[in-house]
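Reader: Hey, could you take one part of this and give me a proper close look? I'm new to reading structures, so please spell out the terms as you go.

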Amino acid sequence: MAVQTLTYIFVGLTFGLYIAIALWSRARSTTDFYVAGGGVNPVVNGMATAADWMSAASFISMAGIIAFMGRDGAVYLLGWTGGYVLLALLLAPYLRKFGQFTVPDFIGERYYSRAARVVAVVCLIFISFTYIAGQMRGVGIVFSRFLEVDIATGVVIGMGIVFIYAVLGGMKGITYTQAAQYCVLIFAYMVPAIFISLLVSGSPIPQLGFGGTMADGSGRAVLETLDGILLDLGFGAYTDGAKSNIDVFAITAALMIGTAGLPHVIVRFFTVPKVSDARRSAGWALMFIAILYTTAPAVAVFARINFVESVNEKAYDETPAWFRNWEDIGLVAWQDKNDDGRLQYRAGAPFSGAPSFGETRGESGERLITNATTETANEVYVDRDIIVLANPEIAALPNWVIALVAAGGLAAALSTAAGLLLVISAAVSHDLLKKTFSPNLSERQELLYARVAIAVALGLAGLFGIYPPAFVAQVVAFAFGLAAASLFPAILLGVFSKRMNKEGAIAGMVVGLVFTFSYIVYFKFVSPGSNTAAHWLFGISPEGIGFIGAALNFAVAGVVARLTAPPPGAVQDLVDDIRLPSGAGVAHDHG
Amino acid sequence: MTGDQTDTTSSVFHHDDQGNPIGHTSHDNEAVSESRMSAYWSANLKFLGVLLVVWFAVSFGAGIIFVDTLDQYSFLGFPLGFWFAQQGAIYVFVVLIFSYVIGMNRIDKAHGVDDDDESSPAAGGNA
């Protein structure tokens, strides 16, 4: 059967499943809506957390990024999983015991301050929207490539599906839907990974395969082979790093601390019945996450080998079909600089910027681009986002595997988008309306506003997907940097320092935010030309600066708290109570 | 209160230095005494400290700071530092969180603040 037909079948079946689950688990109260009534089994919650956590970035982009970064790609692997450890050990059990709906709830009550709550809401909304924009781009890519509809139609279909299960089901619907989505996405990730590992290394376990030897009979190690290929083409060795150690350290730390501060993942721990369940569910979640995260670097290695071998030195009409398919969408391009009719894949950018295509085709039939050319010998442009999606095609796997990957990519993007939308809607209806501006809201009204907020947020997210702002990639550094510099230190100090007061927490958040924000804006937007190691503070890139922002936050908060009055007795009692696992009711104590 | 109250008491509650059961009649579950609270909290912090040292050692230590040194050794066909950075640290993370689950449950029980039998810890005979 054709890929397109199969994709329609797979995507249709999985979407039908998600909607059926949403209808079956409709939310009837705000507790159901925000935290699933607090009654979700830890293993199911672990799966849902894993799906929530692993976004389009993990499923679609990560292996591709690692494939082109080599050893330095570890910043994402270590950053995202290591941050999860911080979250599980330092935040999750205590926030579960605290037992309210949202992260701003915690900040607002712990620091007995409306201002602190509003600062937290603003951070949260900014972080979440940055993230959603990325998810919607993922949805758009999958639809436009595999269903051959235009991106706008694809995004609208995706929005419709998310709307149904997020608005009807709330957290309850989302939790069970996400558990199903985890199953779909991990199956879709592992099947091609195992196939490709067998093809390249002969081992059915990708995690071991990329340390093994090539299956082509040469007897050489896989990594050595790849190092050799890349060195020949003028790249650095795959197993060596290109970034400085301090920058790798800072980026990893910023991603870790930022990840631990991501509100849509923290809120997942509010859905289990007990504190000990919150801990256990964190363990299951990381195990489910680790399956994909240990496979990704293997996929990266195999994909890089396959990519070079199927493209380099080929004539345009000898290139595999996938090359021309992705060229049609504009995510790969070729510029025949030396007019030999063959694709030379070398180190360096082939031309400046992302390709902008003209109307005409070249002598070999390629789409001509209008970008200014560069001095490098490289003629091939490839968008890193296509690696995972194109991988089954590159390795010539059966059509049903290609369709499966499309369904998995959508599951990853939609599960994260749904979790983010819920967090945004809770921030608006609960933290801004109910807790700040109109405390007299009834539960029914609050639920209505929460649903309206989801619809509005979804509409905005859809616009991001259809008209992706050119700066999506630039602002991703923001999401993690700001979460690291603002939310994480405030929550951590709230639990581990009884002496921390509102003056300290607010001063810390503001200093951390302003510093990180200015640094990123300066290097990404004001003076992008000077965005090089020589100009960076301590040699730390904008991607890693959230680490310094977080350190500043801690330092300022500590000093200011010493100089001002300790928090009131009731708040200190609250901290004592949070530290004890016993006596956690269902999340929410009011209403 | 029924006759098996003493048994329940000795199994649920923690003992003081002389090995005597700590009296509990004045405490319900919500009002854990100040000293028990701080003993529990410092046990918790110590355990967290150990886990975080391991966490730092496998990721920032083996995967970043000492990566080039470790790369001279080979493990399962990988340069060792590269393996820690792209595989090993993640496996250790999973083990860390499950150790945390098991260790914390023990610490909770030892200090009588666990949430396993939420409804009845201080009221032995009611169950």
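Author: Let's start on the outside: L448(A), V452(A), V456(A), L460(A), L463(A) and Y467(A) make a nonpolar surface patch of about 610 Å². (Patch members have over 30% relative accessible area and no salt bridge; nonpolar side chains are joined within 5 Å, like charges within 9 Å.) This is a predicted model, where local features need pLDDT of at least 70, side-chain atom pairs 80 or more, and totals for chains, interfaces and linings use all residues, while side-chain values use heavy atoms, without hydrogens or water. Residues count from 1 along each chain as written, with chains lettered from A and ligands numbered from 1 in written order.

L448(A) sits in helix α17, residues 443-466 of chain A (a helix is a DSSP run of H or I, at least four residues; a strand is E, at least two). With 53% relative accessible area, L448(A) is exposed (over 50%; buried is under 20%, partly exposed in between, with a 1.4 Å probe).

Now for the charged pairs: there are 10 salt bridges over all chains (a Lys or Arg side-chain nitrogen within 4 Å of an Asp or Glu carboxyl oxygen). One of them pairs D71(B) with R71(A), their closest N and O atoms 3.1 Å apart. D71(B) is in the loop between α3 and β1 of chain B, and R71(A) in the loop between α4 and α5 of chain A, so this pair joins two chains. Both are buried: D71(B) at 18%, R71(A) at 10%.

Another bridge ties D577(A) to K97(A) at 3.3 Å. That pair links distant parts of the chain, helix α21 and helix α5, 480 residues apart. K97(A) is buried at 6%, while D577(A) is partly exposed at 30%.

Methods. Areas by Shrake-Rupley, 256 points an atom, 1.4 Å probe, with all protein chains shown as cover.
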